[in-house]
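Biologist: I'm new to this one, so could you pick out a single part and go through it closely? I'd also like to hear how the rest of the chain fits around it.

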Amino acid sequence: HRPRTDPIIVHVTRLESALSLVSLSLREENVYRHFAKAFWPGPLTLVAPAACHVPVEVTAETGYVGIRCPQHSVATALINVAGVPVAAPSANRFGHVSPTDPQHVMADLGCEDVLILDGGATHVGIESTVARVGGREV
């Protein structure tokens, strides 16, 4: 089980969606935009002070929210169909290595009641790069 003290990453398909979830000064927002435009969609998680409407279950009461804009077409389609940012952990048990293909997910979670959207193997490594913007220096 995932500890409630560990934040959950929010996935978006648009920079504007990400900006609606964070609370940044104008200077910090410019830095955030720069990183997002340079590296999204892709394996970069941007962590920033959370807007007041972001649930504490997502932030784990840290006051920060991590946001990614995935590159994979299946993830993008899921977020677009949902019509809202999607808060979701990696498809593995907490503390285990993140999966890179559907077989890894089945090996780790196969005994659980799960639905796997099989989009094939990932094209990038295991974990995303994380950068914090706001609250402190980048």
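## One strand and its surroundings

Modeller: Let's start on the outside: alanine 75 is partly exposed, with a relative accessible area of 26%, because that value falls between the 20% limit for buried and the 50% limit for exposed. Keep in mind that we're looking at a predicted model. Alanine 75 sits in helix H4, which covers residues 73–82. Its C-alpha atom is 8.7 Å from that of leucine 117, although the two positions lie 42 residues apart along the chain.

That kind of long-range link fits the wider picture. Among the contacts in the chain with a separation of 6 or more, 65% are between residues 24 or more positions apart. The chain has 5 helices and 5 strands, and read from the N terminus they go β-α-α-β-α-β-α-β-α-β. As for size, the C-alpha trace spans about 45 × 30 × 25 Å along its principal axes. The radius of gyration is 15 Å, which agrees with the value near 14 Å for a compact globule of 138 residues. Of those 138 residues, 32% are buried. The accessible surface is about 8,600 Å², and carbon and sulfur atoms account for 56% of that area.

Now for the part I'd pick: strand E2, residues 42–49. In E2, 7 of the 8 residues are buried, so the strand is largely enclosed by the rest of the structure. What does E2 pair with? One partner is E3, which runs antiparallel to E2 and is joined to it by 5 bridges. Within that pair, alanine 48 stands opposite valine 65 of E3. Another partner is strand E5 (residues 129–132), which runs parallel to E2 with 4 bridges between them. There, leucine 46 faces alanine 131 of E5. It helps to remember that in a regular strand the side chains alternate between the two faces of the sheet.

Leucine 46 also turns up in the largest nonpolar core, which has 23 residues. Together with Val12, Val22, Tyr32, Trp40, Val65 and Ile67, Leu46 touches the most other members of that core. Strands E2 and E3 (64–69) and helices H1 (15–19) and H2 (26–39) each supply at least two of its residues. Isoleucine 67 shows how many parts of the chain meet here. Setting aside neighbours within four places in sequence, isoleucine 67 contacts Ile9, Val10, Val12, Ala18, Leu21, Val22, Tyr32, Trp40, Leu44, Thr45 and Leu46.

What happens just ahead of E2? The loop between H2 and E2 holds proline 41, and the peptide bond leading into it from tryptophan 40 is cis, with omega near -10°. Trp40 itself is one of the well-connected core residues just listed.

There's something to look at before E3 too. The loop between helix H3 (56–59) and E3 contains alanine 60, and glutamate 61 lies in the loop between H3 and E3 as well. Alanine 60 has a positive phi of about 55° although it isn't a glycine. Glutamate 61 also has a positive phi, near 60°, and isn't a glycine either. How do they sit relative to the surface, buried or exposed? Alanine 60 counts as buried because its relative accessibility is 12%, whereas glutamate 61, at 69%, counts as exposed.

Back in helix H2, there's a charged pair worth finding. Glutamate 29 forms a salt bridge with arginine 33, with their closest N and O atoms 3.0 Å apart. These residues are 4 apart in H2, which means about one helical turn separates them. Glutamate 29 is partly exposed at 24% relative accessibility, and arginine 33 is partly exposed at 26%.

In general, side chains of opposite charge can pair when their charged atoms come close. The structure holds 2 salt bridges, and another one to look for is between glutamate 16 and arginine 14, with an N to O distance of 3.7 Å. Both count as partly exposed: glutamate 16 has 46% relative accessibility, and arginine 14 has 46% too.

So if you come back to one thing, make it E2, largely enclosed by the rest of the structure, with antiparallel E3 and parallel E5 as partners.

Conventions
Residues are numbered from 1 along each chain as its sequence is written. This is a predicted model: local features need pLDDT of at least 70, side-chain atom pairs count only at pLDDT 80 or more; totals for chains, interfaces and linings use all residues. Side-chain values use heavy atoms; hydrogens and water are left out. A nonpolar core is a set of buried Ala, Val, Leu, Ile, Met, Phe, Trp, Tyr and Cys residues joined through side-chain atoms within 4.5 Å. Buried means under 20% relative accessible area, exposed over 50%, partly exposed in between (1.4 Å probe, protein chains only). Contact means heavy atoms within 4.5 Å. A salt bridge is a side-chain nitrogen of Lys or Arg within 4 Å of a carboxyl oxygen of Asp or Glu. The radius of gyration is taken over C-alpha atoms; the globule rule is 2.2 Å times the number of residues to the power 0.38. Accessible areas come from the Shrake-Rupley method with a 1.4 Å probe; for residues, only the protein chains shown count as cover. Two strands pair if DSSP finds at least two bridges between them.
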